[in-house]
Amino acid sequence: MVPDISTGSRTYGLLAYLYGPGRRDEHTDPHIVAAWSPELAPDPGRDPAATLKQLTDRLDLPVLALSKDRRPARHVWHCPVRTAPGDRHLTDAEWDEVARRIVHATGIAEEGDDKACRWIAVRHADDHIHIVATLKREDGRSPRRHEDGIRAQAECRKIEREWGLQILNQGDRTAARRPTSAERSKAERTGRAEPPRETLRQQVRQALTGAAAEDEFFRRLTEAGLRLEKRIAPSGDTIGYKVALPGDRNRDGQPIWFPGSKLAPDLSLPKIRERLEARTVDNEPAPGRPVHQSSRPARARRNATHIAEQALTTLAGDHDGDVAAQLVGVGELLDAVAQTAPASTRKELSEAARTFERATRSHIRAEHADHRALRAAARGIVRAGNALGKGEDGGTTAMLLSTMVLVTIAAIRWHSARGHAQQAAAARQAAQHLRAAYRTAAATPMNTMRAQGRQLPAPARDRYAHTLEGALPTQADHLLCEPGWDALAATLAQAEQAGHDPETLLQQAIESLELDTAGNVTAVLVWRLRRIGELPAASISAHARTNPRLPPTPQAPKPTTPESPARRGVSSSRRPGPRR
């Protein structure tokens, strides 16, 4: 059950909308289900003689009774309350109780207070009501509605538990401010995909990603096409900023500005400065270090994978301040990857970055100096430019996303253990988007590696199977049946060709990080081995199949039946057990 409180200045305009057909004729049977005094509240939805003007006058009477200088500029309190998708439809009597409990909890009209504010609850759909109140009591005083949004949320959680409805996540006042109903309505009228507040929040966050200094951050805002206005103190120092979308104007033709703090708590200038003061240094690998040719985007992603693996270790630690900082850095890294992603994965990665943003904020103070490496990795990705969806760019993207899925799972665990319900839910949703992006990015390189692994001679496959059994004895039978086993065998073959000892390298990959949360262990090991061993992420070069220690690779694999052991990854003398 979701309450959404806002204030306005036009009682009649709001009532006209509630009793009207809606923007897409979605309003049906509008009528009052509860009121401060049912006898005094005319209902145009039930009484043909009642008018919206009469209802407006009754609600506004305590406000109009005051002198103009005592009337609040925004005297209309509006609170839609909606049940969650999948909940049963409440009756009018139940919505009556919901409305009375919310106006009581928020201080609008406490039970038994005959001098409280006037209010009504209008229903024009199965799944929600609109509570409308005017913000002057009968005695001329203002209601005590401090933190009314939080109190409304708390009352809704009580109702959900008592009535067996879906229990939604409790907020902790660290979420970004949501667009108002007026902002959403204007976005619909003007054909925008989302309200400007949300677009600006995303673009400001992207401008901050990897920025080394305040001037660079402001420059990126203007380069993104945003209107920017700085707040300058008499000393000449910048003490704040605000942004607006071009063309987004109010009824007087003026730009609609949003200060950073109104977009999200961590986008105020003081919070941004805290992040930037943890100075970012370039963290790109030295030229010539990799044993293969790769582009700048590929090198940046490979380097970011290593940094993300280090963050995983911190996320499993006990120092909450360090973890909170790492989550901020992870958010920047996701923003960077989304900004530079190829078209095939950009949508899913953008959604992952947008949803994970909620997981970067909690009441635990971040030690910003501890996310310098992640910010450097994000900066490296942004500076390297857009990645291609194929070749080494595509392979290193899959390598990084494989690790980022594990990072988000670690974030889910950390937030869940501390009761951060909204943040855990956001991380969970981001993980889903990352998995989808990973499947797209990994499809081509993994298919290539699997095909090459199936072409390895049987003695070589047997030897790599023994290597896997020695490293993971309790899991080997299952892993040999995973789709990624062929790719793992091909990777071990290439590592050996490059001069690595397969057993040592595999043990290093296993010991570097936990595998318990990996959905596909062999795929995770493939990417770890390729990063640690500095092997190409996209394909196996032709010379890798000419290792003198390996028998020649046949030109084409022999036809096999679905039951053939060769299809499962080992010779007939070592056929693994069934999948578990």
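Start by selecting residues 6-8 and 76-82: these are strands S2 and S4, joined by three bridges and running antiparallel. Keep in mind as you click around that this is a predicted model. For a pair to zoom in on, pick Thr7, whose bridge partner in S4 is Trp77.

Keep S4 on screen and add residues 2-3. That is strand S1, which pairs with S4 in the antiparallel sense over two bridges. Here Val2 has Arg82 as its bridge partner in S4.

Now bring in residues 128-137, strand S6. S4 and S6 are also antiparallel, this time over seven bridges. Look for His78, which has Val132 as its bridge partner in S6. Turn on a surface and check S4 again: is the strand mostly covered or mostly open? Mostly covered, with six of its seven residues buried.

Next stop, helix H6, residues 196-208. If you run a distance between its end C-alpha atoms you should get 18 Å, which agrees with the 18 Å expected for 13 residues at 1.5 Å a residue. This helix is mostly covered too, with 10 of its 13 residues buried. Color the buried set and you'll find some charged side chains in there, including Arg197, Arg201 and Arg205; Leu200, Val204 and Leu208 are among the other buried residues. Step just past the helix to Gly210, which follows H6 and has a positive phi, near 75°.

Move on to residues 227-232, 238-244 and 258-259. What order do the strands take here? They form an open sheet of three, S7-S8-S9, with antiparallel pairing. S7 and S9 are the edge strands, each pairing on one side only. Zoom in on the S8 and S9 side, where two bridges hold the antiparallel pair, and find Val243 standing opposite Phe258 in S9. Then add residues 214-223 to see helix H7 lying across S7 and S8, at about 20° to S8.

Last, select residues 458-471 and 485-497, helices H16 and H18. Their axes come within 10 Å and cross at roughly 100°. Angles of 65 to 115 degrees count as roughly perpendicular, so that is how H16 sits relative to H18. Show side chains at the crossing: from H16, look for Arg461, Arg463, Tyr464, Ala465 and Leu468. From H18, the residues they meet are Trp485, Asp486, Leu488, Ala489, Leu492, Ala493 and Glu496. Color by residue class and the contact divides into eight nonpolar, no polar and four charged residues.

How values were computed. Residues numbered from 1 in each chain as written. Predicted model: local features only at pLDDT ≥ 70, side-chain atom pairs only at ≥ 80, totals over all residues. Heavy atoms only, no water. Pairing = 2+ DSSP bridges. Helix = DSSP H or I, 4+ residues; strand = E, 2+ residues; numbered from the N terminus. Contact = heavy atoms within 4.5 Å. Axes fitted to C-alpha atoms, helices over the stretch in contact; angles between N-to-C directions. Parallel < 35°, antiparallel > 145°, perpendicular 65-115°, else oblique. Expected span 1.5 Å × (residues − 1). Buried < 20%, exposed > 50% of the residue type's maximum accessible area, 1.4 Å probe, protein only.
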